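Q: Please give a close reading of one part of this model. Begin with the surroundings of the bound molecule, and then set that part in the context of the rest of the chain.

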Amino acid sequence: MSILFEELVFGPIYSRRLGKSLGINLLPQTHKICTFNCVYCECGWNPENTAEKTKLPKKEDFEKALEKRLKEIAGTTEEPDSITFSGNGEPTLHPEFADIIDITIRLRNKYVPKAVISVLSNGTMLHKEEVFKALSKIDNNIMKIDAGTIDMIQKINMPNVEIDLNRYIQNLQRFNGKVIIQTLFLRGNHNGNRIDNTTEEEISLWIDYIKTIKPRKTMIYAIDRSTPEKDLEKLTVAELENIADKVRALGFEVECFG
Ligand code: SF4
């Protein structure tokens, strides 16, 4: 069963990576919109009928919804550790994303100054300067790299846009370390293709990207919830820790979520 978020501002919910997290869904409430179609996406597959009229919230509606919720929870036990953009797809696809980040920073400073702002992104909009600049302003800019080879990225993330891996890594380098890399490790099968981002070749290339980008942190994790492709294997914590140790040995911080 896939999970779709039915509100613009939802929670706080407990997030294994971010603690008490007030969620923001800038995408439709009825279906996912994403430039990827990951085999493990908890929102399910992208809809086949893309002709469906898509209405995204306006920044004014977002501001009202966020301010209302922050007023309710500021100073209570529900006060969030993080205001987190995730939701039903890729948040940076929203055409007003940069303004929305500015609004969020202003409201965070006013109502919940201790909370961080986090964006979980697949990074496919990083070539847009306004998206890059907006992500540079927040605390947790969490970008996805799910494999070492472009072939395995295609198999895991199934992008519906062209991916230039070298350019993507260069864009991540531009954050000068003010970026967190997120990677989901898994094995399995999809559409007759073997999926495995844990082979020596995949891990070795992936570690090269970490060395190039020098992120302030890397988050590696295993499947947690129901996935659209069922033939996928959840890695053990020991396997994740083994991968993490290779990166730690190079002096980088890694968190594992098994
Ligand atoms: S990038 Fe995120 S939202 Fe998009 S398909 Fe992958 S897991 Fe789902």
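**The ligand shell and its wider setting**

A: In this predicted model, the ligand is surrounded by Cys-34, Phe-36, Asn-37, Cys-38, Cys-41, Cys-43, Gly-89, Glu-90 and Asn-122. By residue class, this shell comprises five nonpolar, three polar and one charged residue.

Attention may now turn to the packing elsewhere in the chain. The largest nonpolar core contains 58 residues, and those with the most contacts inside it are Ile-156, Phe-185 and Ile-220. Leaving out residues up to four places away in sequence, Ile-220 touches Thr-183, Phe-185, Leu-240, Ile-243, Ala-244, Val-254 and Cys-256. Two of these partners, Leu-240 and Ile-243, are also buried residues of helix H7.

Helix H7 itself spans residues 237-248. Its twelve residues reach 16 Å from the first C-alpha to the last, close to the 16 Å expected at 1.5 Å a residue. The buried residues of H7 are Leu-240, Ile-243 and Val-247. They lie on the same side of H7, because the arc that they cover around the axis is only 65°. Ala-238 and Asp-245, on the other side of H7, are exposed. The cover over the buried residues of H7 includes helix H6 (200-213), strand E9 (217-221) and strand E11 (254-257).

Between H6 and E9 runs a loop that holds Lys-214. Lys-214 has a phi near 55°, a positive value in a residue other than glycine. It is partly exposed, since 16 other C-beta atoms lie within 10 Å.

Asn-176 also has a positive phi, near 50°, and is likewise not a glycine. Its place is the loop between helix H5 (165-173) and strand E6 (180-184). Asn-176 counts as exposed because it has 10 C-beta neighbours inside 10 Å, and 12 is the upper limit for an exposed residue. A further backbone feature is the peptide bond from Gly-11 to Pro-12, which is cis, with omega near 10°. Pro-12 belongs to strand E1 (residues 9-15). As background to these features, most residues other than glycine have a negative phi, and most peptide bonds are trans.

A second helix can be read in the manner of H7. In helix H3 (residues 129-137), the buried residues include Val-131, Ala-134 and Leu-135. Seen down the axis of H3, its buried residues fall within an arc of 95°, so they line one face of the helix. On the other side of H3, Glu-129 and Lys-133 are exposed. Helix H2, strand E4 and strand E5 (140-144) are among the elements that cover the buried residues of H3.

H2 (97-111) and E4 (116-121) are joined by a loop, in which Val-112 is found. Val-112 has 19 C-beta neighbours inside 10 Å and therefore counts as partly exposed, the threshold for a buried residue being 20. Apart from neighbours within four places in sequence, Val-112 is in contact with Leu-70, Ala-74, Glu-79 and Pro-80. Of these partners, Ala-74 is 38 residues from Val-112 in sequence, while the two C-alpha atoms are 6.0 Å apart in space.

Technical notes:
Residues are numbered from 1 along each chain as its sequence is written. This is a predicted model: local features need pLDDT of at least 70, side-chain atom pairs count only at pLDDT 80 or more; totals for chains, interfaces and linings use all residues. Helices (H or I, at least four residues) and strands (E, at least two) are DSSP runs, numbered from the N terminus. The expected span of a helix is 1.5 Å times one less than its number of residues. The arc is that of the directions from the helix axis to the C-beta atoms. Two residues are in contact if their C-beta atoms, placed from the backbone, lie within 7 Å. A nonpolar core is a set of buried Ala, Val, Leu, Ile, Met, Phe, Trp, Tyr and Cys residues joined through C-beta atoms within 7 Å. A residue is near a molecule or strand if its C-beta atom, placed from the backbone, lies within 6 Å of it. Ala, Val, Leu, Ile, Met, Phe, Trp, Tyr, Cys and Pro count as nonpolar, Asp, Glu, Lys and Arg as charged, and the others, Gly among them, as polar.
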